[in-house]
Amino acid sequence: MTTQATAGRLESVSSYIDPYPGRKGRERIVETCGRCGGTGVYNAPSRVTFYTSAVNDITTGCFSCAGTGVRSFLVSSARQTARRRAKEADRSRGIAAQIAYAREAFMARHGAVYESLAEQHAQLRHNDPLRSRIGLLLESAEESHTGKTDINDWRAAAEAVLEEIAIREEAKRPVPTGRIEIEAEVLSTKWVENDHGGSLKMLLAGAGWKVWGTVPRSLDFNDRPPRGHRIALTATIEVSADDEAFGFFSRPTKARIVAVPHIAEED
Ligand SMILES: [Zn+2]
């Protein structure tokens with residue numbers, strides 16, 4: 001592919017620039033010390049003193065030039081350093097380019113699916129199990145350039161989760177509202193603290209809708225886990241502001257268990 005070829009070409013071009021063009025490798029360069037500006041004196045508080053040739057006395061000398069005020073080195077060693085630095089820079093640039101090209105190639109083929117996943121991830125409730133599955137898929141997409149992700153598996157898993165969301169959306173029905181009798185299944189229960197100590201809440205699933213409210217004291221699960229019980233009750237249901245398939249029930253009465261789960265959750 002062209003992406004590979006381009007990434008390869010970027011890597012092969014060296015950014016090395018000869019620091020002393022036209023000079024022989026064995027030539028010695030003498031430069032003013034950049035640390036002390038040629039004074040040979042360390043320009044910050046220090047207790048370390050030594051004979052400093054630049055001032056011809058014992059003082060707090062510059063460590064960089066050992067108090068000489070100059071630094072001398074061979075052209076060949078300066079070239080060696082410049083080559084090593086250029087190689088390191090080229091290597092980092094090459095890696096960055098490969099990542100960018102791999103991402104681009106991934107997005108060119110799977111960008112639409114990726115965007116759909118990202119959109120769902122932003123919209124779904126935080127405790128939605130599908131949301132955490134999408135989170136993992138988005139993470140592995142971010143790491144697609146490492147080659148650790150099987151892209152075909154990723155695509156299949158992404159499409160499967162989007163399909164599940166579509167089926168679930170399709171099955172959604174507006175929650176019934178007003179003072180009515182409902183029959184629904186207990187999905188979960190949760191103790192919620194409040195100013196009066198707290199109360200046990202439950203999430204109920206009806207035919208395409210869900211409601212959340214307080215578990216009536218009269219409802220006796222006989223010490224079994226509430227999840228999976230089918231119950232009936234009369235309550236006032238209000239639809240939530242952001243989801244017509246979700247509501248809140250209050251003042252439940254006449255609560256009774258219609259059916260217990262076939263298999264106990266425990267044991
Ligand atoms: Zn110096």
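Which residues are the protein donors of the zinc ion? The legends below begin with that site. The model is a predicted one, in which local features need pLDDT of at least 70 and side-chain atom pairs count only at pLDDT 80 or more, while totals for chains, interfaces and linings use all residues. Residues are numbered from 1 along each chain as its sequence is written, and side-chain values use heavy atoms, with hydrogens and water left out.

**View 1. The zinc ion and its protein donors.** The zinc ion has as its protein donors the SG atoms of C33, C36, C62 and C65, at 2.2 to 2.3 Å; donors are N, O and S atoms within 2.8 Å of the metal (3.2 Å for Na, K and Ca). The angles subtended by the 4 donor atoms run from 104 to 115 degrees, which makes the arrangement tetrahedral, a term that requires all angles of four donors to lie between 85 and 135 degrees. Along the sequence, the donor residues follow the spacing C-x2-C-x25-C-x2-C. C33 lies in the loop between β1 (28-32) and β2 (50-52) and C62 in the loop between β3 (57-59) and β4 (70-74), so the pair ties together parts that are 29 residues apart in sequence. Strands are DSSP runs (E, at least two residues) and helices likewise (H or I, at least four), numbered from the N terminus. Both C33 and C62 are buried (under 20% relative accessible area, 1.4 Å probe, protein chains only).

**View 2. The pairing of β5 and β6.** Strand β5 (residues 178-192) pairs with strand β6 (residues 199-205) in the antiparallel sense over 7 bridges, where pairing requires at least two DSSP bridges. V186 stands opposite L204 in β6.

Methods: Four donors count as tetrahedral if all angles lie between 85 and 135 degrees; four count as square planar and six as octahedral if opposite donors are over 155 degrees apart and all others between 65 and 115; anything else is irregular. Buried means under 20% relative accessible area, exposed over 50%, partly exposed in between (1.4 Å probe, protein chains only).
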